[in-house]
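Here is a quick note to help you find your way around this one. Have the viewer open as you read, and take the points in order.

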2 protein chains.
Amino acid sequence: MQDRFKKLIVSLKEIGLLSGIGSLLSWDQETYMPSGAIDVRSEQSALMAELVHARWTGDAFRRVLSEWVDLDSGAFLGDVSDEEKRFLSEVYRDWKKAVLLPSSFVSAFSSLTSKAQHVWQEARAASRFSLFQPYLAQVVAMSRERADYLKSTVVGGGDVTPYDVLLNEYEPGVRSSYLTPLFQELCVGIKDILKKVDVTKTVPNWEMDVDRQWEFGMWILAQMGFDFSFGRQDKSTHPFTTQFHPYDVRITTRLDARHFMDGFSSTVHEGGHALYEQGLDPAWFGTPFGEAMSLGIHESQSRMWENQIVKSRAFWEGQFQRLQMLFPHVLGEVSWLEFYHVVNRVRPSFIRVDADEVTYNLHIIIRYELEKAMVDGTLAVADLPHAWNAKYLSYLGISSENESMGVLQDVHWSCGLLGYFPTYTLGNLYAAQFYGQIERDILDVSGLISRAEFSPITSWLRKNIHQVGRRMSPSELVMKVTGESLSSEPFLNYLRGKYLVADS
Amino acid sequence: MQDRFKKLIVSLKEIGLLSGIGSLLSWDQETYMPSGAIDVRSEQSALMAELVHARWTGDAFRRVLSEWVDLDSGAFLGDVSDEEKRFLSEVYRDWKKAVLLPSSFVSAFSSLTSKAQHVWQEARAASRFSLFQPYLAQVVAMSRERADYLKSTVVGGGDVTPYDVLLNEYEPGVRSSYLTPLFQELCVGIKDILKKVDVTKTVPNWEMDVDRQWEFGMWILAQMGFDFSFGRQDKSTHPFTTQFHPYDVRITTRLDARHFMDGFSSTVHEGGHALYEQGLDPAWFGTPFGEAMSLGIHESQSRMWENQIVKSRAFWEGQFQRLQMLFPHVLGEVSWLEFYHVVNRVRPSFIRVDADEVTYNLHIIIRYELEKAMVDGTLAVADLPHAWNAKYLSYLGISSENESMGVLQDVHWSCGLLGYFPTYTLGNLYAAQFYGQIERDILDVSGLISRAEFSPITSWLRKNIHQVGRRMSPSELVMKVTGESLSSEPFLNYLRGKYLVADS
């Protein structure tokens, strides 16, 4: 198959190399670039984005693709196997996404979101939504326009709403008619758990040397199977994962002496993303078979490591001593079980990124409902702060008039990323369902985790998830791997088992 | 003028941005890239080089340039001022260099040198020139071919030898008929000094913490006027300077606990290069008026800081105490004058990069004579080791049969950089002549240096050298700045003053 599609694969690989160079520009910008270079860097990044776009939309690519696919209808030409059909239809969809958006729209949207991010920062600093409001209104309007251009690219076709088109960009095949009841069930389950959990516990304010935190983080990455010959960890203001190729995957973390778990969780979280990228098949680099399936599946990898594995009783029972030895003065008198409870403290709060795993998805469901309503036109942007506060009161039982801690806390909308938030919760649901399967497939997972012997888990993930690439859709993958379609039950059961069963 | 040439400048700026991205790929490769990414990185770098070459040689650029210059003859079209003529002739020369080399030759040469570097490393490790010999023979042959393609680009035109063409790539306008007598004079002068200097002194083997060395290096960079908003320093195996734009100039250093001056000198040396790059006019970025004039002029900036300024009596008399405070246990009992003598110890040795400033240029003159003879065809590549040893014996009075410390010590020839070595010595001569002018133009330079108050010096360099860009040739610049043409006398006088006058 690689021989047959050689010309196509060579073109895709070149686009992949160019995109990777663009990613290096971003990575460098967030890690080592001197501050004064920001304007030059923007020009370099724009130029690389233009080059990538020109490759996708150019005549050369069109010619190569049209040997296999009718460019108007997407019909396959000649005799192609099922696997080849899957390959070609994914390439065709990527190509269509590139050609359907007019360059003038792309640059107008990019210039709007660039301004909107700037204004959002000012608005957040001043805690005044009204400053950001006109920009958000434009982002919503242009997102509807974007959806109109892209509606023919939705996986499965048929009747779709504008919001479905946006969803589809991040989680192919998912519709809001599917998400709404799924999230509703989840919401009911979480609220029920929340009623039964003690949310009044306080946590100690330990001071822990950041160099030793770094050391512990590097150790866990190595245990997870992160390959430092093909990647690295650095520090940045906001942790992220970036990859140029499966052979060069870089993560960042952020360390704070007073918040050990922030840095450690983010190392493990980004490490989970990075394992996915390092596990993609390099032979298919640049093509759909060598790319991550969706944002939700990506998030399932980071969240499973962060929550199911590293925030587990087994892990801290087995490995707390290692941490204690690094911080004898701070943790010398603390037991592993106390530490485990500190790490898993549950408390409804305003800030999504600081949320525990019980309340986290309520933050996402709120954003899902609000952004969907804005795109559908049932919620005016001007009414967003009010709607935001009402939902926080109803779902999490808390309210605040502070807009910087409320409706202005996330960067996503200012970047034009409407339809992105649901992938966080999908990731949590996928993670729990996959993890249930791991417990069935691998003997004594708890024992492995307590000894930090992760390689059977990493191998399982590599084989069942990473190497699949985009050979199937997220829902097909869940069915294939777990034998059942996605539901909120595995996740809710995981929470119940962890938070509602008394310590033995 | 910028308005008039707007289209041309926009094209050049885009090429500059793309070249800068290529430089970032190299910088990252030498600093932070995980080792397993090397093959992917080579592909990315090759792709960027292709894109840059395609911009230079494409129809779009040809059209823009042909509005001002007859592409066949280089004649200016219409009414252009002298400054505009200078600008256009430099652009035309750059364009010609790009179009005169056939793509097939460029890729064959690049693949040869890539292999040659690999073999050179093995040959050096085994200390066996015979392994490298066939590759060097090919490099010499292809360099002659290269010279043949490029002979019409030599500044000044007229009769030129193949070696002159190669020289011209690095130091525009310079011929071997000019260099040979200049270097001969210099050689006589150095040998005379060498006879009178005590070359038997030994130096202590201090152990100095590398983190504190780093601190001292960062301090000197700040004093020099290196702007950390527009640049940074990192560590790498071989120190280098790379720039993507005057707003993003990065240097590296290499620290060794037992060799303080290696790291410190390299920081100051690369810092001198970096000040030049940060001092270029950003308004002319990507064009000849915003680019460094030549490798020799570049080297004059690094060497002046490294030698005339920071290895001076004044500097250590004034600043040794600062170093002493960082290393009280090691340097507590050492006087500034002892330290100054250690730093300036003279001793003929085999390794160019470790050479003191008295013997350094003899290493270069040897390489100049040998590479010129190989290109001229008067020295067979097979006879190189013998010729090398004979010259070391005659010029430096030392001999060794060890080829890895001899003929195999430098990477340059394996990279195809014939004609490059002379720019090191030109840099030293320019530096001494410029520094003489600085002593005439600025009051009490010694006092400033002893207080590490370098800003008058940096401002002088910025105004007289950095901001000139490629508005004139190196020889024109020397004449304009110092009122005299280049000679070896200022350099020899500097050495005599420093090494032959007894301590007062």
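1. First, keep in mind that this is a predicted model. A good place to begin is chain B, where helix α8 (residues 176-196) packs with helix α15 (residues 360-376) at an angle of about 145°. The axes of these two helices of chain B are 10 Å apart, and the crossing of α8(B) and α15(B) is left-handed.

2. Now for who touches whom in that pair. From α8(B) come B:Ser176, B:Leu179, B:Thr180, B:Phe183, B:Gln184, B:Leu186, B:Cys187, B:Ile190 and B:Leu194. Facing them from α15(B) are B:Asn361, B:Leu362, B:Ile365, B:Tyr368, B:Glu369 and B:Lys372. Sorted by class, the contact of α8(B) with α15(B) has nine nonpolar, four polar and two charged residues.

3. Hop over to chain A and look up helix α8 (residues 176-196) and helix α15 (residues 360-376) there. They pack at an angle of about 145°, with axes 10 Å apart, and α8(A) crosses α15(A) in a left-handed way. On the α8(A) side the contact includes A:Phe183, A:Cys187 and A:Ile190, and on the α15(A) side it includes A:Ile365, A:Tyr368 and A:Lys372. The residues of this contact of α8(A) with α15(A) split into nine nonpolar, four polar and two charged.

4. How do you lay chain A on chain B? A turn of 180° with a shift of 0.0 Å along the axis does it, and the RMSD is 0.0 Å. That is the relation of a two-fold axis. Both copies use the same surface, as 100% of the contact residues of chain A recur in chain B.

5. Back in chain B, there is another helix pair to check: α2 (residues 38-57) and α4 (residues 82-100). Their angle is about 120° and their axes are 9 Å apart, which makes α2(B) oblique to α4(B). The crossing here is left-handed.

6. Which residues of α2(B) meet α4(B)? They are B:His53, B:Trp56 and B:Thr57, and their partners in α4(B) are B:Val91, B:Asp94, B:Trp95, B:Ala98 and B:Val99. By class, the contact of α2(B) with α4(B) comes to five nonpolar, two polar and one charged.

7. Last, the rings. Over all chains the count is 75 aromatic pairs. One of them is A:Phe5 with A:Phe87, a stacked pair at 5.4 Å centre to centre with 10° between the planes. This pair links distant parts of the chain, 82 residues apart. A:Phe5 sits in the segment before α1 (6-31) of chain A, while A:Phe87 belongs to helix α4 (residues 82-100) of chain A.

How values were computed:
Residues numbered from 1 in each chain as written. Chains lettered and ligands numbered in written order. Predicted model: local features only at pLDDT ≥ 70, side-chain atom pairs only at ≥ 80, totals over all residues. Heavy atoms only, no water. Axes fitted to C-alpha atoms, helices over the stretch in contact; angles between N-to-C directions. Helix = DSSP H or I, 4+ residues; strand = E, 2+ residues; numbered from the N terminus. Parallel < 35°, antiparallel > 145°, perpendicular 65-115°, else oblique. Left-handed = near helix turned anticlockwise from the far one by under 90°. Contact = heavy atoms within 4.5 Å. Nonpolar A, V, L, I, M, F, W, Y, C, P; charged D, E, K, R; others polar. Least-squares fit on C-alpha atoms with pLDDT ≥ 70 in both. Phe/Tyr/Trp six-rings, centres within 6.5 Å; stacked < 30°, edge-to-face > 60°.
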